Amino acid sequence: MEQLRIFKIVVIGDAAVGKTSLSMRYSDNSFQYEYIKTIGSNFFVRDLHIEEWRTRLLIWDLAGDELFGRVRPIFYQGSFGALLVFDITRRSTFDHLAGWLEELRANIEWDVPIILAANKVDCDNWELTESEIKSYSQKNAFPIYLTSAKTDQKVAAAFNRLASEITGIIVKLESPD
Ligand code: G3D
Ligand code: MG
């Protein structure tokens, strides 16, 4: 019998780095999502196949602003992975990654897969070099994707990678030995 695996993931990073744009691009607006206006968090759904498994990603796009920070911890509960986003045109959003990681690890009980998205690569005004981004990802052992929600560059690749990393862990847990 075919099974459906459902994974919740969170999309985190500073305000205006492109979290909502990436999530919308990936879910293509053709899947249901609802905007929870009062709390400031978006919710998207994307179905995909990973090898023979049907997989449903529940994508929680968490508001990055400070005000929302106080309630953000509850939104991490039950997540299987995170897309950590920064904006290559603003160095500060890269510098704040450590803070996001700290928050993630404080609120998720286990070591979930993390994928880095260096977003807005379509822009000319980079404040970071590709080599410094790559060395950061190597140091932290996070796969990195240079994305653009605008031009749809590597968006699906980044989310799909996260889904397949999660699947890899689940398959290991499910195997009898
Ligand atoms: P957030 O959800 O992280 O807060 P948003 O970020 O998705 O709301 O995006 C913030 C702004 O960045 C938006 O512009 C959006 O169009 C823009 N943006 C997002 N991703 C990209 C990208 O890949 N390339 C470019 N050039 N812009 C992007 P506005 O003007 O609506 O504030
Ligand atoms: Mg947003």
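Salt bridges, then. A search of the whole structure, which is a predicted model, finds 8 of them. I'll take three pairs, then turn to one helix.

Start with Arg56 and Asp47. Their side chains meet in a salt bridge, with N to O at 2.7 Å. How exposed is each partner? Arg56 is at 26% relative accessibility, so it counts as partly exposed. Asp47 is at 28%, so that residue is partly exposed as well.

Next, Lys120 and Asp87. They form a salt bridge too, and the closest N and O atoms are 3.2 Å apart. Which parts of the chain does this pair tie together? Lys120 sits in the loop between β6, residues 114-119, and α6, residues 130-140. Asp87 belongs to strand β5, residues 81-87. So the pair links parts that are 33 residues apart in sequence.

Now look at burial in that pair. Lys120 has a relative accessible area of 23%, which makes it partly exposed. Asp87 is at 1%, and buried means under 20%, so Asp87 counts as buried. And there is a further partner here. Asp87, Arg90 and Lys120 are linked in a network of salt bridges.

Third pair: Glu165 and Arg161. Their side chains meet in a salt bridge at 2.8 Å, N to O. Where do they lie? Both are in helix α7, residues 155-174. They are 4 residues apart, about one turn of the helix. Why does that spacing suit a pair? An α-helix has 3.6 residues a turn, so residues three or four places apart point the same way. On accessibility, Glu165 is partly exposed, with a relative accessible area of 29%. Arg161 is at 31% and also counts as partly exposed.

Let's move to helix α5, residues 97-107. Which of its residues are buried? Leu97, Trp100, Leu101, Glu103, Leu104 and Asn107 are. They cover an arc of only 165° around the axis, so they sit on the same side of α5. Look at the other side of α5 and you find Glu102 and Ala106, both exposed.

What covers the buried residues of α5? The cover includes strands β1, residues 4-12, β5 and β6. It also includes helices α3, residues 72-76, α4, residues 91-95, and α6.

Two of those names should sound familiar. β5 is the strand that holds Asp87. β6 and α6 flank the loop with Lys120. So the salt bridge of Lys120 and Asp87 ties that loop to β5, and β5 is also among the elements covering the buried residues of α5.

Conventions. Residues are numbered from 1 along each chain as its sequence is written. Chains are lettered from A and ligands numbered from 1 in the order in which they are written. This is a predicted model: local features need pLDDT of at least 70, side-chain atom pairs count only at pLDDT 80 or more; totals for chains, interfaces and linings use all residues. Side-chain values use heavy atoms; hydrogens and water are left out. A salt bridge is a side-chain nitrogen of Lys or Arg within 4 Å of a carboxyl oxygen of Asp or Glu. Buried means under 20% relative accessible area, exposed over 50%, partly exposed in between (1.4 Å probe, protein chains only). Helices (H or I, at least four residues) and strands (E, at least two) are DSSP runs, numbered from the N terminus. The arc is that of the directions from the helix axis to the C-beta atoms. Contact means heavy atoms within 4.5 Å.
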